[in-house]
Amino acid sequence: MQNYLLPMAKKTFIYILILSVASIPLGFAQGYTIEANGAKLHYKIFGKGEPLLIINGGPGMNSNGFAEMAKNLAENYQTIIYDQRGTGQSILSNRDHTAVTMDWMVKDMEALRKYLKLEEWTLLGHSFGGMLAYYYATKHPERVKAMIQSSSGGMDLALLSLINLRDKLSEMEWDSLQHYQSQLNEGDTSYATQLKRGEFMAPAYLYNRKHIPVLAERLTQGDSQLNGWVWADLRKINFDTKETLSSFEKPVLIIHGRNDLLDEAVAETAHQILPNSQLELLDRCAHYGWLDRPDVYYKLIDTFMSHIN
């Protein structure tokens with residue numbers, strides 16, 4: 001996922017999950033902007049072929065961190081990344097909690113699909129992006145050719161009790177994380193403090209720790225206000241797609257790292273409910289399969305995509 005901003009104490013918040021991405025973009029395709037639903041939505045397209053919409057984690061993060069993945073997959077497909085409303089270059093005309101909801105985000109996805117004149121597309125949702133992909137599929141199942149769930153937040157809110165951030169960090173890392181989080185809570189929102197917080201949080205998301213510097217930088221980019229609005233909406237609508245998607249018969253690939261801070265139970269539950277799903281649990285892999293195990297991760301996607309086409 002991306003960075004889930006979840007309440008830990010009365011005035012303490014911490015990024016717990018679904019971190020957009022932890023890789024350095026190799027460059028960008030030409031960016032475009034459309035106007036829809038009271039927002040200017042910014043998107044980029046890479047390559048040609050079968051359309052694959054990549055939905056980044058968050059909520060509250062832009063799509064820049066997924067450019068490298070999009071470029072890699074664009075060797076065989078037309079990959080599309082976009083900034084979710086209120087993030088990056090996607091600007092809201094009225095920025096408040098009523099404008100940042102799951103329903104509005106699904107409407108944005110539909111507006112983009114119609115603008116691109118696509119009858120259907122495959123969705124690749126990572127972390128929170130996986131939750132948004134599931135929700136879109138409940139509203140527009142006929143527009144989903146297939147789904148790829150990458151370290152997904154899951155089909156409901158069970159993840160709130162299945163996140164093991166504390167267990168993934170050493171005592172030193174946890175204490176240091178608490179220290180810098182406290183500084184942020186007290187008003188020190190400087191880049192230096194955010195980066196130090198990120199450096200001690202990043203190890204929870206990674207098996208291969210060489211990626212910590214890039215992920216720490218990415219962790220400085222989250223919008224905590226927007227994140228909170230989306231989480232409030234998820235609770236308000238009692239987010240749960242299981243019943244609706246129990247009859248969803250399109251192919252679904254579920255990829256989950258065995259070392260992910262999000263328990264495997266989230267992926268296993270989805271596999272049990274989705275009638276045409278394939279579950280792949282990756283060894284020596286945490287929250288970012290394309291970082292920890294790129295050879296296996298991309299091969300799984302290529303094989304899956306070749307079978308649905």
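**Helix α4 and a β-α-β unit**

The side chain of E173 reaches the backbone nitrogen of S170 at 2.9 Å, a polar contact in the sense of a pair of N or O atoms within 3.5 Å, of which one must be able to donate a hydrogen and the other to accept it, residues adjacent in sequence counting only if both atoms are side-chain atoms. The model is predicted, so that local features need pLDDT of at least 70 and side-chain atom pairs count only at pLDDT 80 or more, while totals for chains, interfaces and linings use all residues. Residues are numbered from 1 along each chain as its sequence is written, and side-chain values use heavy atoms, with hydrogens and water left out.

E173 lies in helix α4 (helices are DSSP runs of H or I with at least four residues, strands runs of E with at least two, numbered from the N terminus). With a relative accessibility of 8%, E173 counts as buried (under 20% relative accessible area, against over 50% for exposed and in between for partly exposed, with a 1.4 Å probe and protein chains only). Beyond its neighbours within four places in sequence, E173 is in contact with K168, F200, P203 and R209 (heavy atoms within 4.5 Å).

The buried residues of α4 are E173, W174, S176, L177, Y180, Q181 and L184. Seen down the axis of α4, these residues fall within an arc of 165 degrees, so they line one face of the helix (the arc being that of the directions from the helix axis to the C-beta atoms). The face turned away from this buried side carries the exposed residues E171 and M172. Just after α4, G187 takes a positive phi of about 110 degrees.
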